[in-house]
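Biologist: Please take a close look at one part of this chain, the aromatic contact, and then walk me outward from there. Short sentences, please.

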Amino acid sequence: MKVVEAQGFSIDRLRLVERPKPEAHRGDVLVRVRAASLNHRDLAVLSGTYPPNLPLPCVAVSDACGVVEAVGEGVTRFAPGDRVVPCCIRGWRDGALTREQRFGATLGGPLPGVLQAFVVVPADDAVCGRPRISPTTRRARCRSGRSRPGRRLRKAACRRVRRCSCRGPAACR
């Protein structure tokens, strides 16, 4: 698979290399990366200023979206073909970041980033990326009882229809 690897601390030192395609293990999802975005943190990583002492070579960039290619054993939240966004900080749910989370659990340094054809992430560190109906709309309709699994949902702005994929009102909370 194709990977963009930082072989030095400069955008000019990014190189396209080939690596073996990873596999999803227990609790993981294998995501085919469809789009990645470069942000301020990624530029700091590539300049060598954040995080300090990052080992090279590394796969940069922390933000991406893609499609689930395969799921590991025990994964029930996702199926192949689902659109997902990997969370850039592993294990972070809310609150202030710890030093370990900031410097040891982020994609694109020190963990391998998303500037590659496929990336493996824990299923708990990925969120559903369904652009047609926002999560807020889906939750509101499921909580109000106006939607049930398999029932059609409509977003008024675009008139597109999608089946509700929730497991009932309790799953949408």
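**From one ring pair outward**

Modeller: Start with Y50, which is partly exposed because its relative accessibility is 23%. Keep in mind that this is a predicted model.

Now look for ring partners. A search of the whole structure finds 1 aromatic pair. Y50 and F103 make up this pair, with 5.4 Å from centre to centre. Their planes stand 50° apart, so the pair is called tilted, which is the class between under 30 degrees (stacked) and over 60 (edge-to-face). The pair links distant parts of the chain, since the two residues are 53 residues apart. Y50 sits in the loop between α1 and β4, while F103 belongs to helix α2, residues 99-104. F103 is partly exposed too, because its relative accessible area is 27%.

Stay in the loop of Y50. P57 is found in the loop between α1 and β4 as well. Look at the bond just before P57: the peptide bond from L56 to P57 is cis, with omega about -5°. Most peptide bonds are trans. A second cis bond joins G109 and P110, with omega near 5°. P110 lies in the loop between α2 and β7, and β7 covers 118-122.

Now step back to the helix before the loop of Y50. Helix α1 spans residues 40-47 and includes D42. Is D42 buried or exposed? D42 is buried, because its relative accessibility is 0%. Leaving aside residues up to four places away in sequence, D42 touches S37, V61 and S62.

One of these contacts, V61, deserves a stop. V61 lies in the loop between β4 and β5. Its relative accessibility is 3%, so V61 counts as buried. The backbone of V61 has a phi near 80°, a positive value in a residue other than glycine. Most residues other than glycine have a negative phi.

On either side of that loop are strands, so follow β4 before β5. β4 belongs to an open sheet of 3 strands, in the order β2-β1-β4, with antiparallel pairing. β2 (14-18) and β4 stand at the edges, each with a single partner strand, so one side of each has no neighbour in the sheet. β1 covers residues 2-6 and pairs with β4 over 2 bridges. In one of them, A6 of β1 has C58 of β4 as its partner.

Next comes β5, residues 63-71. β5 pairs with β3, residues 28-37, in the antiparallel sense over 8 bridges. G66 of β5 is the bridge partner of V33. β5 also runs antiparallel to β6, residues 83-86, joined by 2 bridges. Here G66 appears again, with V84 of β6 as its bridge partner. So G66 has bridge partners in V33 and in V84, because both bridges are listed for this residue. Strands of a sheet pair through backbone hydrogen bonds, either parallel or antiparallel.

One last ring is worth finding. K21 lies over the face of F118, at 4.4 Å from the ring centre.

To retrace the walk, begin at the tilted pair of Y50 and F103. Move to the cis bond before P57. Then find buried D42 and its contact V61. Finish at G66, whose bridge partners include V84.

Key
Residues are numbered from 1 along each chain as its sequence is written. This is a predicted model: local features need pLDDT of at least 70, side-chain atom pairs count only at pLDDT 80 or more; totals for chains, interfaces and linings use all residues. Side-chain values use heavy atoms; hydrogens and water are left out. Helices (H or I, at least four residues) and strands (E, at least two) are DSSP runs, numbered from the N terminus. Buried means under 20% relative accessible area, exposed over 50%, partly exposed in between (1.4 Å probe, protein chains only). Contact means heavy atoms within 4.5 Å. Rings of Phe, Tyr and Trp (its six-membered ring) pair if their centres lie within 6.5 Å; planes under 30 degrees apart count as stacked, over 60 as edge-to-face and the rest as tilted. A charge sits over a ring if NZ of Lys or CZ of Arg is within 6 Å of the ring centre and within 35 degrees of the ring normal.
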